[in-house]
Amino acid sequence: MVESGKSDNSQYNPIRIPFVEVLAKSKFYAFIVPFQIRAIAFMSSKGRKTSGGRGPQQPAYRSSVASGKGSGGHKKSGKAWIAAIFVALIATLVVYAVQNKNKPEQTPAGAKSPARIAGPQIQFASMVYNFGKAKGDDLVNCVFYYTNIGTALLELTDVTPSCSCLKLGDWTRKLNPGQSGSISVQYDSHYHTGPFAKSLFVTCNDPAQPKPTMLEIKGDVYRPIEIWPPWGVVNVNPEMPSNSALVKITSHLEKPMAITNVESDNKLIALEVSETQPGKEFELLVKTAPGFPNTPQTGHATLKTDSPDAPVINIDTRVNVTQLILAIPQMIKLPPGPLTNVQPYEFRVRNNSSNALTLTEPMVADKAIVAEIKEEDPGKQYALTLQFPAGFEVPAGQPGELSVKTGHPKMPVLKLPILQDRRIAP
């Protein structure tokens, strides 16, 4: 209920006051505020002119609607002004929000700026170097820039790459306050395909950086011709002198490609190529040739294509000849003798043959040495533990030896030498 003697305009206060407060913060208040005030005045005057003696609680447009007279004009004009006021309010709020979105915080009057940290202080222009896309086998040069924003001499004492594919170049080791420097790194993409990310660790005398600062080099390595695995490796042993391995070749070139010729520079390594997806995917079969090698072999495969973008594809090849029964390590190495304490020693024996392996009767010339055998993978892998007593020493000129029976027809006994240096007299 409206109190007697007060203008009917008071019913618009909840709209007018916050509206004007918002507009006051906007750069467009000079235009919108007068518009708002004139709108409110118009609405108030219309109410007074048509209300008569009915009191402020009965506006004129209500009387007109009730009597059926003049309803169209007053009702439409009232709605139009209300709609105009609403649109102006929304527009003002949007403008205010946009103007204040990126507005920096203001320092209160009389407040002091943060004090500059005493001593050296390093600041990198960027902690990440993204080289984007690089072609496979390219060398990519990367540079990190930094500035001494402190008050004392900045010294970089160490820069360590996390991968052998990153070759460290020169870097600025000392910077006076305000000076800038750089770290140069070269990335070798030879053995990578696809997304790449490796780190670089920087050590300096910045008291705020007690641990090395980590920088990152990232990007994507693209290869027109993708080879996986990047080399052809064949494993053989005396029981299996012939074996093979597959290398997949994928072309990412726009035009179809054909492999026209294949050559091997080692006659003990044979090559065959087949097309699995016309013009796009191929398989290279690397295998041992007759006259099967009994020693390790290395070679190169050269594939010629009809594509001017990749006329030659080179792939390294290798043949590994492994023992049927392999001890890891292949010798027993002891500390200088005589031993001051009991010395345990453990090694493993791996079966690379197709027959199941059994190890029995470990024997050493010195009966004081205790030997134990434990089967870890039935028929495939064993762990052997030796306990050498205190005072043990391999006799001069008589190398020690451990022998173990294997039960394999081609290698019935496994023998390992026992080596020991002489203790140097004080």
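Rings of Phe, Tyr and Trp count as a pair if their centres lie within 6.5 Å. In this predicted model, ring pairs link Phe-131, Tyr-187 and Phe-196 into a cluster.

## Aromatic contacts

The structure holds 7 aromatic pairs. One of them joins Tyr-129 and Phe-144. A pair of aromatic rings is described by the distance of the centres and the angle of the planes. For Tyr-129 and Phe-144, the centres are 6.1 Å apart and the planes stand at 65°. Planes over 60 degrees apart count as edge-to-face, and the pair of Tyr-129 and Phe-144 is of that kind.

Where do Tyr-129 and Phe-144 lie? Tyr-129 belongs to strand β2, residues 128–135. Phe-144 belongs to strand β3, residues 139–148. The pair therefore ties together parts that are 15 residues apart in sequence.

The two rings also have their own accessibility classes. Phe-144 has 2% relative accessibility, so it counts as buried. Tyr-129 has 25% relative accessibility, so it counts as partly exposed. The cut-off for buried is under 20%.

Another ring meets a charge. The charged end of Arg-173 sits over the ring of Trp-171. The distance to the ring centre is 3.8 Å.

## Salt bridges

Side chains of opposite charge can pair when their charged atoms come close. The structure holds 7 salt bridges. The table gives three of them.

| Salt bridge | Closest N to O distance |
|---|---|
| Arg-223 and Asp-137 | 3.1 Å |
| Glu-346 and Arg-348 | 3.3 Å |
| Arg-348 and Glu-376 | 3.0 Å |

Take Arg-223 and Asp-137, which meet through their side chains. Arg-223 lies in the loop between β9 (213–222) and β10, and Asp-137 lies in the loop between β2 and β3, so the bridge ties together parts that are 86 residues apart in sequence. Is each partner buried or partly exposed? Arg-223 counts as buried, at 11% relative accessibility. Asp-137 counts as partly exposed, at 41%.

Glu-346, Arg-348 and Glu-376 are linked in a network of salt bridges. Arg-348 bonds to Glu-346 in one bridge and to Glu-376 in another. The bridge between Arg-348 and Glu-376 links distant parts of the chain. Arg-348 is in strand β20 (residues 343–351) and Glu-376 is in strand β22 (residues 370–377). They are 28 residues apart.

How accessible are the members of this network? Glu-346 counts as partly exposed at 45% relative accessibility. Arg-348 is partly exposed at 31%. Glu-376 is partly exposed at 35%.

## The largest pocket

The largest pocket holds about 600 Å³ of space. Its lining has 22 residues. Which residues are closest to its centre? They are Asp-137, Arg-223, Ile-225, Ile-227 and Asn-314. Two of these names have come up before: Arg-223 and Asp-137 form a salt bridge.

Strands β10 (225–228) and β17 (312–321) each supply at least two residues of the lining. Which strand gives the most? That is β17, with 5 residues.

What classes of residue make up the lining? There are 11 nonpolar, 5 polar and 6 charged residues.

Note on methods:
Residues are numbered from 1 along each chain as its sequence is written. This is a predicted model: local features need pLDDT of at least 70, side-chain atom pairs count only at pLDDT 80 or more; totals for chains, interfaces and linings use all residues. Side-chain values use heavy atoms; hydrogens and water are left out. On a 1 Å grid over the protein atoms alone, a cavity is a set of points where a 1.4 Å probe fits but cannot get out, and a pocket is an open set with protein on both sides within 12 Å along at least five of seven lines; lining residues have an atom within 4 Å of a point. Grid points are joined across faces, edges and corners, and a volume is the space filled by probe spheres set on the points. Helices (H or I, at least four residues) and strands (E, at least two) are DSSP runs, numbered from the N terminus. Ala, Val, Leu, Ile, Met, Phe, Trp, Tyr, Cys and Pro count as nonpolar, Asp, Glu, Lys and Arg as charged, and the others, Gly among them, as polar. Rings of Phe, Tyr and Trp (its six-membered ring) pair if their centres lie within 6.5 Å; planes under 30 degrees apart count as stacked, over 60 as edge-to-face and the rest as tilted. Buried means under 20% relative accessible area, exposed over 50%, partly exposed in between (1.4 Å probe, protein chains only). A charge sits over a ring if NZ of Lys or CZ of Arg is within 6 Å of the ring centre and within 35 degrees of the ring normal. A salt bridge is a side-chain nitrogen of Lys or Arg within 4 Å of a carboxyl oxygen of Asp or Glu.
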